Amino acid sequence: MGPLRESQRAAIYRKGLKKGASDAEKREAERRYKERQMERQRALLALESNPVYARKLDDLAPLLACWKRISNHRSAAVFRKAVNPREAPGYTERILFPIDLASIRKTISAGHVDSFVRLHRRIGLICHNCVKYNGRESDYGLVAREFESYADDAVIDAVGRVTDAE
């Protein structure tokens with residue numbers, strides 16, 4: 001997940017903890033959080049060895065379903081449409097490959113994005129662009145990292161469903 005400010009890290013670890021939790025309970029919550037992060041990292045690494053992840057799909061329905069799930073996330077509204085240069089001065093100079101969820105949807109429908117790996121990379125590019133322009137610790141940067149984490153999980157689930165269906 002990368003470096004977080006101490007207050008953000010504490011909020012993540014203590015999420016679900018009762019008020020006045022002991023130090024032992026806080027350490028256990030931190031341990032569980034780190035374990036969930038490691039499991040997620042292992043799942044992402046396992047994607048690379050799954051042939052479904054990189055294979056060109058004849059039926060684009062699973063890709064569109066995955067895109068829809070990702071685009072319905074609460075943070076997705078920020079990434080649905082292209083960045084307006086008037087609202088973000090200097091964006092076009094700093095960001096070489098601007099992309100948004102609407103353009104990804106169009107490229108899936110046109111058949112240019114025909115595998116989960118291509119979808120995953122484009123979602124990653126959205127988040128990379130956001131962090132590059134706004135900064136890693138900015139509000140938008142934090143939203144982008146949360147969104148990317150959700151998108152990673154959505155791709156892992158979608159690849160798993162397609163793999164299980166075969």
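This passage describes the fold, the nonpolar core and a few side-chain arrangements of a predicted model.

The chain comes to 8 helices and 0 strands, so that a walk from the N terminus on reads α-α-α-α-α-α-α-α. Buried residues make up 36% of the 166 residues. The chain exposes about 10,400 Å², and carbon and sulfur atoms supply 53% of that area. Sequence separation in the contacts is also worth a look: among those between residues at least 6 apart in sequence, 70% join residues at least 24 apart.

A word on confidence is helpful before going into detail. The mean pLDDT of the chain is 86, and 89% of its residues reach 70 or more. Residues 1-10 are another matter, with pLDDT staying under 50; the model has 21 contacts beyond four places in sequence for this segment. Where pLDDT is low, the predicted coordinates should not be read in detail.

The largest nonpolar core has 33 residues. Ile70, Leu101, Phe116 and Ile123 are the members with the most contacts inside this core. Two or more residues come from each of α2 (23-49), α3 (51-54), α4 (61-71), α6 (101-109), α7 (116-134) and α8 (139-165). Helix α8 gives the largest share, with 9 residues.

Leu101 offers a convenient view of the surroundings of one core residue. Leaving aside neighbours within four places in sequence, Leu101 is in contact with Trp67, Ile70, Ser71, Ala76, Phe79, Arg80, Ile123, Ile126 and Phe147. Two of the residues in that list, Ile70 and Ile123, are named with Leu101 among those with the most contacts inside the core. Trp67, another contact of Leu101, has a charged partner: Arg105 lies over the face of the Trp67 ring, at 5.6 Å from the ring centre.

Ser71 can be followed from the other side of its contact with Leu101. This serine is found in helix α4 and, at 5% relative accessibility, counts as buried, because the cut-off for that class is under 20%. Not counting residues up to four places away in sequence, Ser71 touches Ala76, Arg80 and Leu101. Ala76 and Arg80 also appear among the contacts of Leu101.

Leu63 has its place in helix α4 as well. This leucine is buried, with a relative accessible area of 0%. Beyond four places in sequence, Leu63 touches Leu57, Ile108, Val113, Asp114, Ser115, Phe116 and Leu119. Phe116 in this list is one of the residues with the most contacts inside the largest core. Leu63 and Arg118 are 55 residues apart in sequence, while their C-alpha atoms are 9.9 Å apart in space.

Aromatic geometry comes last. A pair of aromatic rings is described by the distance of the centres and the angle of the planes. A search of the whole structure finds 2 aromatic pairs. In one of them, Tyr91 and Tyr133, the ring centres are 5.2 Å apart and the planes stand at 65°, so the pair is edge-to-face. The pair links distant parts of the chain, with Tyr91 in helix α5 (residues 91-94) and Tyr133 in helix α7, 42 residues apart. Both tyrosines are buried: the relative accessible area is 8% for Tyr91 and 18% for Tyr133.

Note on methods. Residues are numbered from 1 along each chain as its sequence is written. This is a predicted model: local features need pLDDT of at least 70, side-chain atom pairs count only at pLDDT 80 or more; totals for chains, interfaces and linings use all residues. Side-chain values use heavy atoms; hydrogens and water are left out. A nonpolar core is a set of buried Ala, Val, Leu, Ile, Met, Phe, Trp, Tyr and Cys residues joined through side-chain atoms within 4.5 Å. Buried means under 20% relative accessible area, exposed over 50%, partly exposed in between (1.4 Å probe, protein chains only). Helices (H or I, at least four residues) and strands (E, at least two) are DSSP runs, numbered from the N terminus. Contact means heavy atoms within 4.5 Å. Rings of Phe, Tyr and Trp (its six-membered ring) pair if their centres lie within 6.5 Å; planes under 30 degrees apart count as stacked, over 60 as edge-to-face and the rest as tilted. A charge sits over a ring if NZ of Lys or CZ of Arg is within 6 Å of the ring centre and within 35 degrees of the ring normal. pLDDT is the predictor's confidence in each residue, from 0 to 100. Accessible areas come from the Shrake-Rupley method with a 1.4 Å probe; for residues, only the protein chains shown count as cover.
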